[in-house]
Amino acid sequence: MKKLLVGILIFVLFFSGKSFAQDISAVGSNLLRIGSGETFSNTGESERKRYLEEIANARIFFNNLTLGFRYEMDDPSEVGRSFQGIRRRWIEYKKDYLNLQAGDVYALYGRGLTLNAFESRPLNYDSWLDGVSGNYEYNWSKEESDLRPSLGAKLIAGTLLFHNVVDTTLPDELISARAINGQFGLFGKKLTLGLTFLQAFTSISEPGAFGDVKTLREVNQPELYLGVISGDVAGFFQFAEMRSVLSQVHDRPDSASHRGKAIYGSLSYAGSDLGLTFEYKNYSYNIQRPGAENASYFSKLPISNPPEVYKEFTYASLTRTTHTVNFDDELGFQLEANITAIEGNTITLYGAASSRHNSPSSERDSNFVPLWAESTSLVPKFSGNGFYPFWEAFLEFEHDFGELNYFKVFAHRRSDVIAYSISAGADVKLSTTFGAKVQYQTTPSQSLLSSFEVQFMHDDARILNDHKLMNVYFLAQYSFNPIITFGGVFDFSTWYEDSRHIWPQGFISYRIGAANNLLLSYGAERKGLNCTGGICRLVPEFEGVRLTLTSQL
């Protein structure tokens, strides 16, 4: 595929002549990140940490064609594996209702229960396919039909060598996948019906006694979804079934099979003074009893990434201790209300809850596989820690007082079972967090931004007997818009038995011309979770200097 794309580029450049030079346009961006300092291992030992990341993107436009490239040099990467070379390359053709792309491709069908191939650079997570994709859609006008129907078709096919970033000890997974999606709409897409079918073949190589051994799996995954919009109300429902067959386990022929499913639904109301959103998930791609044979090979595909169904906060204390979704086995919901009835004021009320489908029992069957003590099928259950119950509640009040000036206060309460076993009990994290954030424009070209958060936490993983600790986070920055921004962060914790409990940091940002921005920081950063789309990676703490240069050309 790489040689084909390079050949097409040379052909276009060489044979298009002067007309190409007249019609061509291009855009580009560059991201340079450098860091040098120290971090700490899981055992608390200090380690030297350096990273150098250079990411250059370019797009060339010519009539109906777009050529895209991304060069990356991670030497080494801040998180995850290092890479050097062309990370992305694609050619895209657009005309009228048709869109075709070859090279590195991604797609989102419905809400992603079957197919959501995406990338998160901060996590070094990548589930794009190397292959081809295309879509065609035609919308009838009202003059052609009062029903205003629409008809669309999408397809994607390619391969992926997937590196797991959540559990980095797992082996790489080679995936060959193809999917097709059709969507029919009425009344200008106020009513939509979609169907998807995906087929994938996976291969996992693991070390054995006499060399690497392979496990082969075939997945067939149909889905359907329905969307409705009526005035201020919108609803969406999606169902997918995953049918898996193992044809080979560790080089031995096998015929094990498994069926999983996923359900997602949402209902929202958007009025002038009130907005309501409700989301529901019931993900059971791979519900397996501990110790069940071949259970680990029936998990959700990396290219299937459904909604996480919980709020992604921007407050530091809430994001680094957030809930990690178990997409194979979790059901739950979230409800959010935004009240704007009083001009200049917004009140946000939010709540979410989830659990697994079953709680394990100390009893075992004839094959010594644990049995379930209790089960639930539609709503999350909180009767025991074996269900891994999670819930949180959030209240925020925001007052806008002209231009870019605002003031926010919030309160948050969260409970999450991180680990559980019948013999050792549960690891529970319970937190209560309060905070405030203010932005004030001191002059027409200058502004102040500050936030303060205090968190009281009960953590069963803490060594001290009371299991209690407190976290404090303070940020202050001043901007001479849009040229210079400078400030600092003070992060404090009473987890004294850890390697450190104070993390101060200072930073300055300087805009160079209209296209470049330089960010320099020095100090210490606390470890915590970094999450995108429900995929979470633990980022270790860091002390040293960071430099980021961003360019848009």
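User: What do β15 and β16 form, and which turn residue has a positive phi?
Analyst: β15 and β16 form a hairpin with 2 residues between them, and His250 in the turn has a positive phi of about 50°. Strands here are DSSP runs of E, at least two residues, and helices are runs of H or I, at least four, numbered from the N terminus. This is a predicted model, where local features need pLDDT of at least 70 and side-chain atom pairs count only at pLDDT 80 or more, while totals for chains, interfaces and linings use all residues. Residues are numbered from 1 along each chain as its sequence is written, and side-chain values use heavy atoms, with hydrogens and water left out.

User: How many bridges do β15 and β16 pair over?
Analyst: They pair over 2 bridges, in the antiparallel sense. Two strands pair if DSSP finds at least two bridges between them. The bridge partner of Val249 in β16 is Arg252.

User: And which way do β15 and β17 run?
Analyst: Antiparallel, with 13 bridges joining β15 to β17 (residues 257-270). Val245 stands opposite Ser257 there.

User: What about β14 and β15, what do they form?
Analyst: A hairpin with 2 residues between the strands. Gly231 in that turn has a positive phi of about 65°. β14 (residues 211-230) and β15 (residues 233-249) run antiparallel and are joined by 13 bridges, with Arg217 opposite Leu246.

User: Any other positive phi worth a look? Where is Asp96 found?
Analyst: Asp96 is found in the loop between β4 and β5 (98-105), and its phi is near 55°. Asp96 is exposed, with a relative accessible area of 71%. The cut-offs are under 20% for buried and over 50% for exposed, with partly exposed in between (1.4 Å probe, protein chains only). Arg148 also has a positive phi, near 45°. Arg148 is found in the loop between β10 (129-139) and β11 (150-162), and at 31% relative accessibility Arg148 counts as partly exposed.

User: Why flag those?
Analyst: Because most residues other than glycine have a negative phi, and most peptide bonds are trans.

User: OK, peptide bonds then. What is omega for the cis bond that joins Asp75 and Pro76?
Analyst: Omega is about -5°, and Pro76 is found in the loop between β3 (65-74) and β4 (84-95). The bond from Asn481 to Pro482 is cis too, with omega near -10°. Pro482 is found in the loop between β27 (468-480) and β28.

User: Switching to cysteines. Which residues form a disulfide?
Analyst: Cys531 and Cys536, their sulfur atoms 2.0 Å apart. The rule is a pair of cysteine sulfur atoms within 2.5 Å, and by that rule the count comes to 1 disulfide.

User: Left-handed or right-handed?
Analyst: The torsion about the S-S bond of Cys531 and Cys536 is about 115°, so the disulfide is right-handed. Cys536 is buried, at a relative accessible area of 5%.

User: Now pockets. How much space lies in the second largest pocket?
Analyst: About 1200 Å³. The closest to its centre, of the 36 residues that line the second largest pocket, are Glu78, Gln505, Glu525, Asn530 and Arg546. On a 1 Å grid over the protein atoms alone, a pocket is an open set of points with protein on both sides within 12 Å along at least five of seven lines, a cavity is a set where a 1.4 Å probe fits but cannot get out, and lining residues have an atom within 4 Å of a point. Grid points are joined across faces, edges and corners, and a volume is the space filled by probe spheres set on the points.

User: Which element gives the largest share of the lining of that second largest pocket?
Analyst: β30, with 4 residues. β30 also pairs with β33 in the antiparallel sense over 10 bridges, and Leu519 has Thr548 in β33 as its bridge partner. β1 and β33 run antiparallel as well, joined by 11 bridges.

User: How many cavities of 30 Å³ or more are there?
Analyst: A search of the whole structure finds 2. The largest cavity holds about 50 Å³ of space, and its lining includes Thr321, Arg414, Asp416 and Met457. β24 (406-421) and β25 (425-443) each supply at least two residues of that lining.
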